[in-house]
Amino acid sequence: MQLVTGGGHAAMELGATVSGMEIDAPVAGRALVVVVDDRTAHGGEDSLGPLVTELLTEAGFLVDASVSVEADEVAIRNALNTAVIGGVDLVISVGGTGMSPRDVTPEATSEVLDRDLPGISEALRASGRVAGSLDAGLSRGLAGISGSTLVVNLPGTRAAIRDGMATLGPLASRVIGELSGLLE
């Protein structure tokens, strides 16, 4: 497993001063990224984790870290459980949602979820198909709630991540708001 921290974002609080600047932006919540890729988990270059981190940051999330794990059900489940226990509001996994024998992210995720949110998974697949992504239509990715954490699987391509994050943003905000009691 390889861990890349989110540049100290988790330590920032609303109203904190960084380099003499006041941070007043609203925070959508804390997030963690899990990249499911054998090469990246063994020290290869990670091109997906930084992309998801950037998109989450743009959406107002404080990203605790990007963690790379190999395509192994136990490793994926452990990473997801660690994120949930760590109290993040959102954990996004990328990769391992296809049909090959090594694509086991949905199986690992299903063991972590307390409740499924199939509407989010369906929305992600539908928006990807509309955008012309065949991978989105073939994704077996899941979305659901574990404890008070929203867990979402995205396919491991840059196009699917960009489209998925655009679709997920408002849905994630709604779910996180309801789970935190801010929305009734």
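This section describes two paired strands, a helix, and the pocket and cavities of a predicted model.

Strand β6, which spans residues 90-94, is largely enclosed by the rest of the structure, because five of its five residues are buried. The burial extends to both faces of the strand, with L90, I92 and V94 covered on one side and V91 and S93 covered on the other. Within this strand lies S93, whose relative accessibility of 1% falls under the 20% limit, so that S93 counts as buried. Although S93 and V152 are separated by 59 residues in sequence, their C-alpha atoms lie 6.3 Å apart in space.

The pairing of β6 involves strands β4 and β9. With β4, the strand runs parallel and is joined by five bridges, and in this pairing A31 stands opposite L90 of β6. With β9, the pairing is likewise in the parallel sense and extends over five bridges. Two of the residues of β6 can be matched to bridge partners in β9, V91 being paired with V151 and I92 with V152.

Strand β9, comprising residues 149-154, is itself mostly covered, as six of its six residues are buried. T149, V151 and N153 are buried on one side of β9, while L150, V152 and L154 are buried on the other, and both faces are therefore covered by the definition of buried as under 20% relative accessible area. In addition to its pairing with β6, β9 pairs in the antiparallel sense with strand β8, residues 143-146, over four bridges. In this arrangement the bridge partner of I145 is L150 of β9. The strands β8 and β9 form a hairpin in which two residues lie between them, and G147 in the turn has a positive phi of about 65°.

Helix α5 covers residues 118-130, and its 13 residues reach 18 Å from the first C-alpha to the last, a span close to the 18 Å expected at 1.5 Å a residue. Among the residues of this helix, I120, S121, L124, S127 and G128 are buried. These five buried residues lie on the same side of α5, because they cover an arc of only 135° around the axis.

Turning to the enclosed spaces, the count comes to two cavities of 30 Å³ or more. The largest cavity holds about 120 Å³ of space and is lined by 14 residues, of which L124, R125, S139, L154 and P155 lie nearest its centre. L124 is also one of the buried residues of α5, and L154 is one of the buried residues of β9. At least two residues of the lining of this cavity are supplied by each of α5, β9 and α7, the last of which spans residues 158-180. The greatest contribution to the lining of the largest cavity is that of α5, which gives four residues. When the lining of the largest cavity is divided by class, six residues are nonpolar, six are polar and two are charged.

The second largest cavity has a volume of about 30 Å³. Its lining is made up of L56, A59, F61, L90, M165, L168, G169 and A172, and L90 is also a buried residue of β6. Helix α7 provides the largest share of the lining of the second largest cavity, with four residues. By class, seven residues of the lining of the second largest cavity are nonpolar and one is polar, while none is charged.

The model also contains pockets, which are open sets of points, and the largest pocket has a volume of about 300 Å³. This pocket is lined by 22 residues, and those closest to its centre are G95, G96, P155, G156 and T157. The elements that contribute two or more residues to the lining of the largest pocket are β4 (residues 29-36), α1 (residues 38-41) and α6 (residues 134-138). The composition of the lining of the largest pocket is six nonpolar, 10 polar and six charged residues. P155 appears among the residues closest to the centre of the largest pocket and also among those nearest the centre of the largest cavity, while β4 both contributes to the lining of the largest pocket and pairs with β6.

Methods:
Residues numbered from 1 in each chain as written. Predicted model: local features only at pLDDT ≥ 70, side-chain atom pairs only at ≥ 80, totals over all residues. Heavy atoms only, no water. Buried < 20%, exposed > 50% of the residue type's maximum accessible area, 1.4 Å probe, protein only. Pairing = 2+ DSSP bridges. 1 Å grid on protein atoms, 1.4 Å probe; cavity = no way out; pocket = protein on both sides within 12 Å on 5 of 7 lines; lining within 4 Å. Points joined across faces, edges and corners; volume = space filled by probe spheres on them. Nonpolar A, V, L, I, M, F, W, Y, C, P; charged D, E, K, R; others polar. Expected span 1.5 Å × (residues − 1). Arc of directions from axis to C-beta.
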